[in-house]
Amino acid sequence: MKPLDIPPPLRTAPAGAAQAGPADAPWYAEQGDECALFAHAAAQRLPLLIKGPTGCGKTRLVEHMAHRLGRPLVTVSCHDDLGAADLVGRHLIVGGSTVWCDGPMTRAVREGAILYLDEVVEARKDTTVVLHPLADDRRVLPVERTGELIPAAPGFMLVVSYNPGYQNLLKSLKPSTRQRFVALTLDWPQPEVEARIVAAEGGVGPEAAARLVQLAQALRRLGGQDLEEVASTRLLVMAARLHAAGLPLPRACRAAVLQALSDDAQTVAALEQVAAAVLGTA
Ligand SMILES: Nc1ncnc2c1ncn2[C@@H]1O[C@H](COP(=O)(O)OP(=O)(O)OP(=O)(O)O)[C@@H](O)[C@H]1O
Ligand SMILES: [Mg+2]
């Protein structure tokens with residue numbers, strides 16, 4: 001088999017990448033002006049809401065910008081059992097005495113970090129009580145259990161994200177929460193940008209990357225009507241990595257992309273036909 005051209009660390013910028021940050025910053029290929037918008041929001045001390053489908057680059061953007069801005073990053077993946085105390089902190093019994101232990105939000109507020117609340121709509125509604133005073137111009141964190149009112153350190157920035165496609169009426173941001181944030185929508189990158197991402201992150205050459213992106217576009221056209229989920233950039237990167245490791249492209253796509261989109265055998269068979277038309281068979 002011919003040797004594959006795998007760039008050594010998968011998360012550094014390919015040569016000539018225009019948006020590279022400091023040398024060790026996780027590489028992020030920009031879709032539009034989102035890096036500038038992020039930087040302006042940070043400078044103006046405005047909280048940022050990032051919307052976009054799964055696997056489109058939200059987390060990578062936040063990691064990249066935290067490095068570029070030189071701020072620590074505290075990430076919390078929200079879930080339906082996550083309440084204000086999980087974010088703020090709680091009293092713990094240590095060696096027979098009670099000690100206060102800061103939660104991730106309190107740490108970020110004190111340190112001047114970027115606090116990234118991923119899938120924020122999943123969190124319990126009582127988190128609103130701590131989000132609102134932090135997200136508006138008060139920039140304070142009320143810690144009910146200790147009676148403290150902690151002013152956010154200058155570098156503190158609140159960033160939240162969610163996937164609008166997964167929302168329902170029970171799980172959506174209240175208008176009063178949403179209107180405290182500057183909003184940014186990410187979508188699938190333009191084909192040339194996505195091919196660069198797949199090549200750099202997946203360790204494949206430009207030709208394989210371009211074919212993976214073509215497949216994603218064909219599958220995305222089926223989204224909504226015939227298919228609930230569509231192929232994300234993340235899935236393309238996974239397929240590329242399998243291919244870089246030695247699997248033929250159609251096999252890599254079946255395992256990493258098609259099987260991830262549906263559990264229904266008939267649907268997967270139909271997707272395989274779409275893939276065969278784009279990639280050929282193996
Ligand atoms: N613009 C981009 N630049 C560099 N890599 C990217 C970009 N977009 C996507 N990727 C690649 O896709 C993967 C998934 O992206 P990421 O984890 O940022 O998605 P996400 O939008 O946070 O998804 P989720 O909503 O599921 O958390 C990354 O690990 C990276 O390999
Ligand atoms: Mg993410």
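**Exercise 1. Decide whether Ser77 is buried, partly exposed or exposed, and place Ser77 in its strand.**

Solution. Ser77 has 12 C-beta neighbours inside 10 Å, and because a residue with 12 or fewer counts as exposed, Ser77 falls in that class. This model is a predicted one, and the assignment is read from the predicted coordinates. The next step is to locate the residue, and Ser77 turns out to lie in strand S2. Across from Ser77 stands Asp118 of S5, and when residues up to four places away in sequence are left aside, Ser77 touches Asp118 and Glu119. A further distance can be added for Tyr116, which is 39 residues from Ser77 in sequence, while the C-alpha atoms of the two are 8.3 Å apart in space.

**Exercise 2. Work out the strand order of the open sheet, and state which strands stand at its edges.**

Solution. Begin with one pair: S2 and strand S5 (residues 114-118) are joined in the parallel sense over five bridges. In general, the strands of a sheet pair through backbone hydrogen bonds, in either a parallel or an antiparallel manner. Extending the pairing gives an open sheet of five strands in the order S2-S5-S8-S1-S9, with parallel pairing. Strand S2 (73-77) and strand S9 (182-185) each have a single partner strand, so they stand at the edges and one side of each is left without a neighbour in the sheet. From one strand to the next, the twist averages 20°. Finally, H2 packs on this sheet, where it touches strand S1 (48-51), S2, S5 and strand S8 (157-162), and the direction of H2 makes about 175° with that of S5.

**Exercise 3. Describe how S6 and S7 are joined, and give the sense in which they pair.**

Solution. Strand S6 (residues 140-143) and strand S7 (residues 148-151) pair in the antiparallel sense, over four bridges. One of the partnerships can be named, since Val140 has Pro151 in S7 as its bridge partner. The two strands form a hairpin with four residues between them, and in the turn Gly147 has a positive phi of about 75°.

**Exercise 4. Find where Arg45 and Arg139 lie, and classify the exposure of each.**

Solution. Take Arg45 to begin with: this residue lies in the loop between helix H1 (34-43) and S1, and its phi is near 55°, a positive value in a residue other than glycine. Arg45 has 14 C-beta neighbours inside 10 Å and therefore counts as partly exposed. Arg139 lies in the loop between helix H5 (128-135) and S6, and its phi, near 50°, is likewise a positive value in a residue other than glycine. Because Arg139 has 18 C-beta neighbours inside 10 Å, Arg139 counts as partly exposed.

**Exercise 5. Characterise the shell around ligand 1 by residue class, helix and domain.**

Solution. The shell has 19 residues, of which Thr54, Gly57, Lys58, Thr59 and Arg60 come nearest to ligand 1. Sorted by class, the shell has seven nonpolar, seven polar and five charged residues. Helix H2 (58-69), helix H7 (191-202) and helix H9 (233-244) each supply at least two residues of the shell. Domain 1 (34-185) and domain 2 (191-279) each contribute at least three residues.

**Exercise 6. Summarise the protein as a whole by its helices, strands and buried share.**

Solution. The protein has 11 helices and nine strands, and of its 282 residues 39% count as buried. Among contacts between residues at least 6 apart in sequence, 70% join residues at least 24 apart.

Methods
Residues numbered from 1 in each chain as written. Chains lettered and ligands numbered in written order. Predicted model: local features only at pLDDT ≥ 70, side-chain atom pairs only at ≥ 80, totals over all residues. Near = placed C-beta within 6 Å. Nonpolar A, V, L, I, M, F, W, Y, C, P; charged D, E, K, R; others polar. Domains from an automatic or database assignment. Pairing = 2+ DSSP bridges. Axes fitted to C-alpha atoms, helices over the stretch in contact; angles between N-to-C directions. Contact = placed C-beta atoms within 7 Å. Buried ≥ 20, exposed ≤ 12 C-beta atoms within 10 Å, placed from the backbone.
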